[in-house]
Amino acid sequence: MLAGALLGARRRRTARVLVVRECPAKAAVAVAAILLIGSPTRVSAYDAILGWEPVAGAAGYQIELRYDSSATSTSSDIGTPATASDGVVRAAIRSLPVGPTVHFTVAAYDAGGTLGTTSASLSIAYPAQATVSDSDGDGLTDAEEDVNLNGVRDPGETDSKNADTDGDGVSDRDEIMAGTDPLSAAPPPPPPSPSCASACGAGTVCDTDSGACVKDSRVWLVPASESSAVWRGAMTRDSAYAGGLDLDPNADALASQQVFAVSTRNAANGGSGDEVRYSITLPGAGDWYLWGRFYFPGEPGSNDANSLLVRVDAGTPRKLGNNKDFFQTWHWDGDGAVESGAVVPLSLGRLSGGTHELVVEKREVSPIPPRLDGLVLTRDSRWTPRDGAATSALGSRLSPGDPLSPAPPASTTTTTSTTTSTATTSSTTTSTTTSTST
């Protein structure tokens, strides 16, 4: 009587089939175990190590195998392998094909070559083989790709016979490790041009269109007053939230109106439809980063609302804001994965030069939504925006009544003084230069 069980070891790609049987008649072989191992020479094959109890007086052993229901079998004389310290004789059968069920029997023979009683047959079917084989050599076992172990590729499964199922030049395993979809082809990002593969100097960035280090040309937006803005759902622009609880006590907003969602329901993963869309023009290709100027009205140190979602074109939504160290103060914030400490820019990935759509969407609003009054895109990951640089760059785009807008022109009697105000111009230039270098 036979009973079997399969134990898989993922990292070593081994599996053991245990067989227990009553002691056979004299000179018969009692099969003890088979160990399956991924073949080191063929990824579409596996090795089996067959173990059995030694037969006293045996001059050698013969292993016979056949596939599926075939009546044809193959015999191998393996001589007399040494008995291991655990009392088991073992022999390896190499490079067995993945797919067909293989059936093993073992028999001992005496000095005259006469075979004794053959052992009961032990079978290894595809589901056991798939746990140790990697038919396409992509680093995933066949069982990890053919999830239901039916031997064919079904919807939602990667191809166990093709290392790159979607044909995008990246193997299935590498895509899974990178968090991308192995079933959806996406062109890999182009490598940096050799001429600017090394880091560019301060204030310059690598332009992948020209392959040269160029001056960082930033794209600034006043979110509440951009002419390209398309408002949807509960996303709005106003000077205060309808509840009146988020008024800025220091009145140091960049603009008189800010962007926020008049809503009481969070949408952590997006899809709410409460959003505003902007048409932006990037001056060149490269790795682009985003900063937003925020005010979080919630309680300092709390989990109150402090982030929005942003995406470019049809890209993945990313968290903007979310730093718990900056409640109740206007500040520049970036990558939402950084929840405390120094702020860092939010990476938008590699973008081409030209026109894109930037979408700002509601994420958190409870108990009171965060406000946004400035956005800037840059290709310099080392640069951090400052309010002086913002007001200098935006200039006339800020209304005269905006809190941080430039001072209105002087009266007629002081026109000459205003025109020749070298100190003021010099001060603005110094602020901009310092911001660019940091």
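**Exercise 1. Decide how far to trust this predicted model, and where to be careful.**

Let's start with the overall score. The protein chain of this predicted model averages a pLDDT of 79, and 75% of its residues score at least 70. Next, look at the two ends. Residues 1-27 have a pLDDT below 50, although this stretch has 69 contacts in the model beyond near neighbours in sequence. Residues 411-438 also fall below 50, with 18 contacts of that kind.

**Exercise 2. Describe the chain as a whole: what is its secondary structure, and how much of it is buried?**

Begin by counting elements: the protein chain has six helices and 23 strands. Then turn to burial, where 42% of the 438 residues count as buried. For the surface, the accessible area is about 21200 Å², and carbon and sulfur atoms account for 53% of it. Finally, consider sequence separation: among contacts between residues at least 6 apart, 64% join residues at least 24 apart.

**Exercise 3. Find the largest nonpolar core and work out which strands build it.**

First, pick out the hubs. The largest nonpolar core has 29 residues, and those touching the most other members are Tyr278, Leu290, Val360, Leu375 and Leu377. Second, trace the suppliers. At least two core residues come from each of strand 12 (219-221), strand 15 (258-261), strand 16 (275-282), strand 17 (286-295), strand 18 (307-312), strand 21 (346-351), strand 22 (354-362) and strand 23 (371-378). Strand 16 gives the largest share, with four residues.

Third, zoom in on one hub. Beyond its neighbours within four places in sequence, Leu377 contacts Arg218, Val219, Leu221, Ile280, Leu282, Trp288, Tyr289, Leu290 and Leu348. Last, note that another core of 23 residues lies apart from this one; its members include Tyr61, Val98, Tyr126 and Val132.

**Exercise 4. Lay out the sheet that contains strands 5, 6, 8 and 9: which strands stand at the edges?**

Write down the order: these four strands form an open sheet, 6-5-8-9, with antiparallel pairing. Now check each end. Strand 6 (74-79) and strand 9 (122-124) each have a single partner strand, so they are the edges, and one side of each lacks a neighbour in the sheet. From one strand to the next, the twist averages 25°.

To finish, inspect one pair inside this order. Strand 5 (residues 60-67) and strand 8 (residues 102-109) are joined by eight bridges in the antiparallel sense. A handy register marker is Gly60, which stands opposite Tyr109 in strand 8.

Notes:
Residues numbered from 1 in each chain as written. Predicted model: local features only at pLDDT ≥ 70, side-chain atom pairs only at ≥ 80, totals over all residues. Heavy atoms only, no water. pLDDT = per-residue confidence, 0-100. Contact = heavy atoms within 4.5 Å. Core = buried A, V, L, I, M, F, W, Y, C linked by side-chain atoms within 4.5 Å. Buried < 20%, exposed > 50% of the residue type's maximum accessible area, 1.4 Å probe, protein only. Pairing = 2+ DSSP bridges. Axes fitted to C-alpha atoms, helices over the stretch in contact; angles between N-to-C directions. Areas by Shrake-Rupley, 256 points an atom, 1.4 Å probe, with all protein chains shown as cover.
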